[in-house]
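Here's a quick briefing to read alongside the model. Have the sequence and the 3D view open as you go.

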Amino acid sequence: MFVALAAVIATVASARPLAGQCPASATRYTVVDLGTLGGSLSSAVDIDEEGGVVGSSTTAEGEVHPFVWRDGELVDLGTLGGK
């Protein structure tokens, strides 16, 4: 079964307004399918302030590799020789 990774990236952060104040803008989110490294599973671990995502994914060979996703590109970070 194919499990796509979707990350929710907060594009505008807003705090709860204080009593009597109107928020300047509402919080907006964008859901992005990051894909996989050829396997059937991937998992995001963290999202930075610029919207970059780090995590891990299975490859077509079944290995688990770390990745970085930024600006629409999923980059395989490889391994240190292990599987």
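Start with the sheet: 4 strands make up an open sheet, ordered 3-4-5-6, with antiparallel pairing. Strand 3 (38–47) and strand 6 (73–76) sit at the edges with a single partner strand each, so one side of each has no neighbour in the sheet. From one strand to the next, the twist averages 30 degrees. Keep in mind that this is a predicted model.

**The sheet and its edge**
- As background, strands of a sheet pair through backbone hydrogen bonds, and they can do that either parallel or antiparallel.
- Strand 5 (residues 64–70) and strand 6 run antiparallel and are joined by 4 bridges.
- If you want a spot to look at in that pairing, try Trp69, whose bridge partner in strand 6 is Leu74.

**Leu74, out on strand 6**
- Leu74 belongs to strand 6, one of the two strands at the edges of the sheet.
- Is Leu74 buried, partly exposed or exposed? Its relative accessibility is 23%, and buried means under 20%, so Leu74 counts as partly exposed.
- Setting aside neighbours within four places in sequence, Leu74 touches Phe67, Val68 and Trp69, and also Leu34, Gly35, Thr36 and Leu37.
- Take Thr36 from that list: Leu74 and Thr36 are 38 residues apart in sequence, but their C-alpha atoms are 8.0 Å apart in space.

**Thr36 and its loop**
- You'll find Thr36 in the loop between strand 2 (28–33) and strand 3.
- What does the side chain of Thr36 reach at 3.1 Å? It's the backbone nitrogen of Gly38.
- A polar atom of the Thr36 side chain also lies 3.0 Å from the backbone oxygen of Gly39.
- So far, then, Thr36 has come up twice over: as a contact of Leu74, and as a residue whose side chain reaches the backbone of Gly38.

**The salt bridge**
- How many salt bridges does the structure hold? The count is 1.
- That salt bridge is made by the side chains of Arg70 and Asp48, at 2.6 Å from N to O.
- Arg70 is in strand 5, while Asp48 is in the loop between strand 3 and strand 4 (53–59), so the pair ties together parts 22 residues apart in sequence.
- Both partners are partly exposed: Arg70 has a relative accessible area of 34%, and Asp48 has one of 30%.

Notes: Residues numbered from 1 in each chain as written. Predicted model: local features only at pLDDT ≥ 70, side-chain atom pairs only at ≥ 80, totals over all residues. Heavy atoms only, no water. Pairing = 2+ DSSP bridges. Axes fitted to C-alpha atoms, helices over the stretch in contact; angles between N-to-C directions. Polar contact = N/O pair within 3.5 Å; in protein donor to acceptor, adjacent residues only side chain to side chain. Buried < 20%, exposed > 50% of the residue type's maximum accessible area, 1.4 Å probe, protein only. Contact = heavy atoms within 4.5 Å. Salt bridge = Lys/Arg side-chain N within 4 Å of Asp/Glu carboxyl O.
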